[in-house]
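These are my notebook entries on one protein chain. I looked up its surface, its fold, its core and its cysteines.

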Amino acid sequence: CDFVSWDAPIKETCPKCGNKLGVYYCENQVYAVRCLHCDTITLTKATNPIEAVKKIAIKKETRKDAAHG
């Protein structure tokens, strides 16, 4: 995977530890979203790096809602 970087900061955080995320483009619109602290890695299909990170944040909210439901 190649590291993807852009000027806008990523406001979503790691669903496991709450720290910053890094985004890496793999291939065929697959991104690896990695926590820069705990090294948790999630692969997701998206059209751009921002969409990839937002998908990870949605998964986090869904898990949190299921735990309270």
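Accessible areas come from the Shrake-Rupley method with a 1.4 Å probe; for residues, only the protein chains shown count as cover. I looked up the surface of the protein chain: the accessible total is about 4800 Å², and 52% of it belongs to carbon and sulfur atoms.

I noted that this is a predicted model, in which local features need pLDDT of at least 70 and side-chain atom pairs count only at pLDDT 80 or more, while totals for chains, interfaces and linings use all residues. Residues are numbered from 1 along each chain as its sequence is written, and side-chain values use heavy atoms, with hydrogens and water left out.

Fold. I found one helix and four strands, taken as DSSP runs numbered from the N terminus (helices H or I, at least four residues; strands E, at least two). From the N terminus, I read the order β-β-β-β-α.

Core. I recorded 25% of the 69 residues as buried (under 20% relative accessible area; exposed is over 50%, partly exposed in between, 1.4 Å probe, protein chains only). The largest nonpolar core has 10 residues, among them C14, L21, Y31, C35 and I56. I noted that β2 (21-27), β3 (30-35) and α1 (49-68) each give two or more residues to this core. Such a core is a set of buried Ala, Val, Leu, Ile, Met, Phe, Trp, Tyr and Cys residues joined through side-chain atoms within 4.5 Å.

Cysteines. How many disulfides are there? With a disulfide taken as a pair of cysteine sulfur atoms within 2.5 Å, I counted zero. The sulfur of C35 has its closest cysteine sulfur in C17, at 3.5 Å, too far for a bond. C35 is buried, at a relative accessible area of 0%. For C38, the closest cysteine sulfur is that of C35, at 3.7 Å, also too far for a bond. C38 is partly exposed, at 28%.
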